[in-house]
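Dear colleague,

Please find below the structure that I am handing over to you. A summary of the findings follows it.

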Amino acid sequence: MGFLIRLAITAIALWITTLIVPGVEVTGRNTTDTAVTLLVVALIFGVVNAVLKPVIKVLGCVFYLLTLGLFALVVNALLFLLTGWIARQLQLPFQVDGFWAAFWGAIVMAVVSWLISIVVPDRREAR
């Protein structure tokens, strides 16, 4: 159940990101199509982050140290851009127009996900 809640939080954060950040858009034909697209892209985003982010952190730890963690912003933007590319390859109506859209999109996604996670606490933390 926690996975579905996390997926829903990510999809909502992604939807809010498409409303705020120019260049990050979902163009579904109707509300249902848009909602399904957001859920699938949220799943892709979660898989990309789960698989690649730990590897990048290990391989790029020197850059993280040299930039005092600011390199994480670039990594998050590139992972968001990769998510957009994968969605396009799967012919999903989701698009990220370049690095800066991905950069700001990743920041908005992180902040909105964090804010929603505060309101919807994780069951594991309640124990």
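**Annotated spans and findings**

Over residues 99–120 the chain is 95% helix and 0% strand, with the end C-alpha atoms 31 Å apart. Please note that the model is predicted. Residues 99–120 make up one of the spans that the UniProt record, an unreviewed entry, annotates as "transmembrane region"; the others are 7–24, 36–56 and 63–87. For residues 7–24, the share of helix is 78% and that of strand 6%, and the end C-alpha atoms lie 19 Å from each other.

**The nonpolar patch**

On the surface, Ile5, Val111, Trp114, Leu115, Ile118, Val119 and Val120 make a nonpolar patch of about 670 Å². Which helix gives the most to this nonpolar patch? Helix H5, residues 99–119, does so with 5 residues. Leu115, one of the patch residues, belongs to helix H5. Leu115 has a relative accessibility of 44% and therefore counts as partly exposed, since that class lies between 20% and 50%.

**Aromatic pairs**

The whole structure was searched for aromatic pairs, and 8 were found. One of them joins Phe45 and Phe80 in an edge-to-face arrangement, with 5.7 Å from centre to centre and 80° between the planes. This pair links distant parts of the chain, as Phe45 is in helix H2 (residues 31–59) and Phe80 is in helix H4 (residues 71–89), 35 residues apart. Both Phe45 and Phe80 are buried.

Trp100 and Phe103 also form an edge-to-face pair, at 5.3 Å centre to centre and with 70° between the planes. These two residues are separated by about one helical turn, because they are 3 residues apart in helix H5. Is each of the two partners buried or exposed? Trp100 counts as exposed because its relative accessibility is 57%, whereas Phe103, with a relative accessible area of 12%, is buried. The cut-offs behind these words are over 50% for exposed and under 20% for buried. Ring pairs further link Trp100 and Phe103 with Phe99 and Trp104 into a cluster.

**Two residues of helix H1**

Ala8 is part of helix H1, which covers residues 2–20. With a relative accessible area of 32%, Ala8 is partly exposed. Between the C-alpha atoms of Ala8 and Leu78 there are 22 Å, and the two residues are 70 residues apart along the chain.

Thr18 is likewise found in helix H1. Its relative accessibility is 16%, so Thr18 counts as buried. Leaving aside residues up to four places away in sequence, Thr18 touches Val24, Glu25, Val26 and Phe94.

**Positive phi values in loops**

Two residues other than glycine deserve a mention for their backbone angles. Leu68 has a positive phi, near 55°, and lies in the loop between helix H3 (61–66) and H4. Leu68 counts as exposed because its relative accessibility is 78%. For Gln91, phi is also positive, with a value near 60°. The loop that holds Gln91 runs between H4 and strand E2 (94–96). Gln91 is exposed as well, at a relative accessible area of 72%.

With kind regards

How values were computed. Residues are numbered from 1 along each chain as its sequence is written. This is a predicted model: local features need pLDDT of at least 70, side-chain atom pairs count only at pLDDT 80 or more; totals for chains, interfaces and linings use all residues. Side-chain values use heavy atoms; hydrogens and water are left out. UniProt positions are given in the numbering used here, feature names are shortened, and annotations may be inferred rather than shown by experiment. Helices (H or I, at least four residues) and strands (E, at least two) are DSSP runs, numbered from the N terminus. Buried means under 20% relative accessible area, exposed over 50%, partly exposed in between (1.4 Å probe, protein chains only). Patches are made of residues with over 30% relative accessible area and no salt bridge: like charges are joined within 9 Å, nonpolar side chains (Val, Leu, Ile, Met, Phe, Trp, Tyr) within 5 Å. Accessible areas come from the Shrake-Rupley method with a 1.4 Å probe; for residues, only the protein chains shown count as cover. A salt bridge is a side-chain nitrogen of Lys or Arg within 4 Å of a carboxyl oxygen of Asp or Glu. Rings of Phe, Tyr and Trp (its six-membered ring) pair if their centres lie within 6.5 Å; planes under 30 degrees apart count as stacked, over 60 as edge-to-face and the rest as tilted. Contact means heavy atoms within 4.5 Å.
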